[in-house]
Amino acid sequence: MRKLRHWGPGLLLLSPSLILLAIFVYGLIAWTTKVSVSDEHNALGSKGFVGLENYTKLFTEDINDRFTHSLKNLALFTIVFLVGAMFFGLLWAFILERGVKAEGFFRTVYLFPMAVSFVASGVVWRWLMNPNKGENAGGLNAVLGGLGLDFAQSTWWTNPNWGMASMAIPAIWQLAGYVMALFLAGFRGIPAELREAAAMDGASTYRLYRNVIFPQLTPVALSALIILGHMSMKMFDLIMSVSGPQWLTEVPAIYVWQTLLTSDYAKAAAISIILLLLVAVVIVPYLIYTNRQEKNA
Amino acid sequence: MVFSPVKGGGRGGRMGLTRRAAVAAVGVAALLTAGACGSSDDNGGGSGSTKVEVFTWWADGGEKAGLDGLVKQFGTDCAGQTFENGAVAGGAGANAKSVLASRLQQGTPPDTFQAHAGAELSDYILAGQVEDISADYDAWGLKQAFPQGLIDNLTVEGKIYSVPANIHRANVVWTNKKVLADAGITKDPTDLAGFIADLDKVKAKGIKAPLAIGKDWTQLMLFESVLITDLGPEKFTGLWNGTTDWNDPLVTKAINDFKTLLTYTNTDRDALDWTDAEKLVMDGKAAYQLMGDWEAADLDAKKFTDYAWFTFPGNGDTFQWLADSFVLPKGANNPEGTKCWLKTVGSAAGQKAFNTTKGSIPARTDAAPADYPKYQQAAMADWKSFKQVPSCAHGSACSQGWQGAANSALGAFSTKQDVPALQKALATAASQFVKK
């Protein structure tokens with residue numbers, strides 16, 4: 001009774017959100033899993049259980065290896081996006097941390113793109129990354145042409161091999177400022193005593209950053225990577241507005257949508273579950289890690 | 001958010017309680033409202049209702065104007081019934097289709113909905129979601145009014161499920177007259193060799209990409225036209241009903257011809273939609289574009305008059321059609337009203353009201369050409385006498401799943417130019433989707 005009094009009110013307060021989560025998140029995940037092992041390939045509905053067939057087919061029998069192609073696209077996009085956003089984020093944070101004049105102004109300038117939706121910026125970037133070259137050039141290529149840098153003109157996202165790297169540019173532009181904000185908070189969170197102690201020990205500026213400051217930033221870097229990583233895996237709106245749904249730039253999230261539109265529910269569900277697992281692979285270790293950190297603290 | 005672990009829940013319990021309670025209350029209220037909305041929708045048209053909810057993706061432009069014309073006719077023909085607009089805008093029908101799919105699954109269909117006539121209906125037919133209206137076709141005299149080729153394409157195992165409101169033609173090449181005159185081209189080509197010779201002539205005048213094209217589905221349209229040329233209308237239709245093998249050497253020839261044509265097209269094709277390609281023709285940066293005949297209405301609307309058209313070279317007297325049609329869903333609230341709507345759609349007056357404003361032609365062969373603009377008059381004459389074949393890019397030849405697979409395969413071909421891979425992909429798609 002006493003015990004109940006101890007945790008009862010808490011549970012009661014939590015119950016609405018628990019119930020909603022149970023139904024709308026975990027219940028629907030369970031439902032999607034069920035559909036993904038059925039043969040509900042059209043509006044007719046399911047006739048039965050097919051085990052993992054939908055999953056294996058995605059890897060072995062998909063026309064033109066469409067699914068593995070979309071995974072490759074996603075991998076290239078994610079790598080370029082993460083490296084780019086982390087690099088610029090850290091660079092900007094570092095510069096601001098070193099004490100630039102008008103820090104508040106630059107902070108706002110760098111952070112502002114994050115306030116724009118992917119759909120809106122995607123439409124602009126679609127125009128900027130116009131693949132025409134030479135006399136027909138538009139967007140960035142026209143700028144490059146005007147500067148006499150014709151050799152630097154690119155086919156951008158329409159390049160069959162490196163197109164997805166171009167697709168990552170708007171994403172980097174949009175989120176590098178966010179990474180900067182995270183790192184800047186990290187820099188500011190390092191106690192002044194540590195710097196002073198390093199100075200007392202006669203450490204050079206390089207040694208100070210290399211051995212004292214950067215190690216302290218590891219948790220921040222990890223958080224930034226996880227946040228960007230899971231956003232990247234689920235990337236949909238940016239690509240939809242830059243290229244529209246098509247083979248060249250297809251990623252799993254867009255493939256799900258395309259499959260759903262053709263009423264192939266089982267296949268769409270299978271791709272969704274694979275996507276969920278991919279994101280989970282990134283997030284679950286992070287959650288375990290932070291959980292441990294908090295317990296230790 | 002997963003990333004912001006909730007801390008400090010222990011403090012400020014009272015505050016927390018009220019806030020939580022408020023959140024919960026709002027949540028529950030939201031759920032209830034959603035439920036209430038749902039049920040009020042259902043009650044809107046109980047049995048004995050006189051409302052006809054017409055579900056379309058015609059929300060603006062010429063399509064909306066056409067729908068308005070149809071509604072006006074419906075008002076006179078079906079006194080006592082009221083029209084209710086159930087249009088869902090956006091995504092060239094993609095949004096509407098997903099809303100429709102969930103309504104059909106929940107068993108709350110609209111009284112009638114728009115769908116591309118032909119194979120795209122097959123999913124609904126298989127699922128038993130639409131009613132057979134063959135008997136009404138006889139009663140309304142539609143079997144005589146529509147050309148036999150269309151009736152054949154519409155019939156699934158002896159039954160007809162939809163009434164087409166309009167007809168568009170897919171295999172038409174649009175030209176910029178001035179560019180052609182500059183290149184000294186005076187006659188329309190009648191076969192592929194002639195077409196390629198003309199493309200070379202235009203190219204020699206310094207126009208690098210004389211044939212304008214856009215992304216995947218527009219490429220599929222061009223490819224289908226090449227298929228008609230190389231296979232002929234009968235074998236082409238057979239590709240979609242399983243009687244022609246996709247591994248046929250003639251298909252290989254068609255893919256190679258298509259590959260040759262692609263060398264005359266703009267390299268940024270995957271970045272363009274059909275209107276962007278149309279602009280290349282209007283600006284004189286290209287001479288030709290293959291596109292459906294909605295291009296005529298669009299060019300007219302953009303006040304570009306210096307255009308001409310011809311049937312895709314080698315297609316002879318083949319009319320590749322696509323159509324919007326209406327159906328009677330199973331479990332419709334007001335089947336009587338729906339039937340009156342369908343009757344209006346199929347009637348001479350209804351087809352006139354719709355098509356003169358939308359820029360398409362009537363499916364009926366008894367319409368008066370004088371009511372229509374110049375291009376439509378020519379198309380109406382062809383419609384009566386030509387052979388009708390369906391289009392996959394626009395759903396009259398293949399189901400939505402097949403269409404998606406074909407678009408994706410053409411998209412891959414656009415970058416890789418791999419002939420055997422395209423043939424294999426299309427053959428696999430056919431084996432997956434034919435007769436399903």
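**Group meeting: the two domains of chain B and what they touch**

In chain B, 24 residues of domain 1 are in contact with 24 residues of domain 2. Let me start there. One caution before going on: this is a predicted model.

Which elements build the domain 1 side of that contact? Those giving two or more residues are α4 (122-126), α7 (148-154), α16 (374-385) and β12 (387-390) of chain B. α16(B) gives the most, with five residues. By class, the domain 1 side has 11 nonpolar, nine polar and four charged residues.

Now the domains themselves. Domain 1 of chain B covers 51-168 + 323-390. Domain 2 covers 170-321 + 392-433. Over C-alpha atoms, their centres are 27 Å apart.

Some totals for chain B. The secondary structure comes to 18 helices and 12 strands. There are 436 residues, and 49% of them count as buried. Next, contacts between residues at least 6 apart in sequence. In chain B, 79% of those join residues at least 24 apart.

On to the partner chain. How many residues of chain B are in contact with chain A? It is 36, and they meet 25 residues of chain A. On the chain B side, the elements giving two or more residues are α1 (13-44), α3 (94-105), α4, α17 (400-416) and α18 (419-433). The largest share is nine residues, from α17(B). The residues on that side divide into 17 nonpolar, 11 polar and eight charged. Notice α4 of chain B. It gives two or more residues to the side that touches chain A. It also gives two or more to the domain 1 side that touches domain 2.

Next, the interior. The largest nonpolar core has 122 residues. Those touching the most other members are B:Leu211, B:Ala212, B:Ala286, B:Ala406, B:Ala409 and B:Ala429. Helix α10 of chain B, residues 216-241, supplies the largest share, 11 residues. Both domains of chain B take part, each with at least three residues in this core.

Take B:Leu211 as an example. Leave out residues up to four places away in sequence. B:Leu211 then touches B:Leu199, B:Leu261, B:Tyr264, B:Thr265, B:Ala286 and B:Tyr288. There is also a second, separate core, of 53 residues. It includes A:Phe81, A:Leu96, A:Trp157 and A:Met231.

While we are on chain A, look at helix α3 there. It runs over residues 66-97, 32 residues in total. From first C-alpha to last it reaches 46 Å, close to the 46 Å expected at 1.5 Å a residue. Just after α3(A) comes A:Gly99, with a positive phi of about 90 degrees.

Back to chain B, and a shorter stretch: helix α13, residues 294-301. Which of its residues are buried? They are B:Glu295, B:Ala296 and B:Asp298. Seen down the axis of α13(B), these buried residues fall within an arc of 165 degrees, so they line one face of the helix. What covers them includes β6 (172-176), α12 (274-282), β8 (288-291) and α16 of chain B. So α16(B) turns up again; it was the element giving the most to the domain 1 side of the domain contact. After α13(B) comes B:Lys303, whose phi is positive, near 60 degrees.

I will finish with two single residues.

The first is B:Thr112. It sits in strand β3 of chain B, residues 112-116. Is it buried or exposed? B:Thr112 counts as buried, because it has 29 C-beta neighbours inside 10 Å, and 20 is enough. Set aside neighbours within four places in sequence. Its contacts then include B:Val52, B:Val54, B:Phe55, B:Phe326, B:Val327, B:Trp341 and B:Leu342. B:Gly86 is 26 residues from B:Thr112 in sequence, and the two C-alpha atoms are 9.5 Å apart.

The second is B:Ala183. It lies in the loop between α8 (177-182) and α9 (192-204) of chain B. B:Ala183 is buried too, with 20 other C-beta atoms within 10 Å. The cut-off is 20 or more, so a count of 20 qualifies. Beyond four places in sequence, its contacts are B:Lys201, B:Val202 and B:Lys205. And how far is B:Ala183 from B:Asp298, one of the buried residues of α13(B)? They are 115 residues apart along the chain, and their C-alpha atoms are separated by 25 Å.

Notes
Residues are numbered from 1 along each chain as its sequence is written. Chains are lettered from A and ligands numbered from 1 in the order in which they are written. This is a predicted model: local features need pLDDT of at least 70, side-chain atom pairs count only at pLDDT 80 or more; totals for chains, interfaces and linings use all residues. Domain bounds come from an automatic or database domain assignment. Two residues are in contact if their C-beta atoms, placed from the backbone, lie within 7 Å. Helices (H or I, at least four residues) and strands (E, at least two) are DSSP runs, numbered from the N terminus. Ala, Val, Leu, Ile, Met, Phe, Trp, Tyr, Cys and Pro count as nonpolar, Asp, Glu, Lys and Arg as charged, and the others, Gly among them, as polar. A nonpolar core is a set of buried Ala, Val, Leu, Ile, Met, Phe, Trp, Tyr and Cys residues joined through C-beta atoms within 7 Å. A residue is buried if 20 or more other C-beta atoms lie within 10 Å of its own, exposed if 12 or fewer, and partly exposed in between; C-beta atoms are placed from the backbone. The arc is that of the directions from the helix axis to the C-beta atoms. The expected span of a helix is 1.5 Å times one less than its number of residues.
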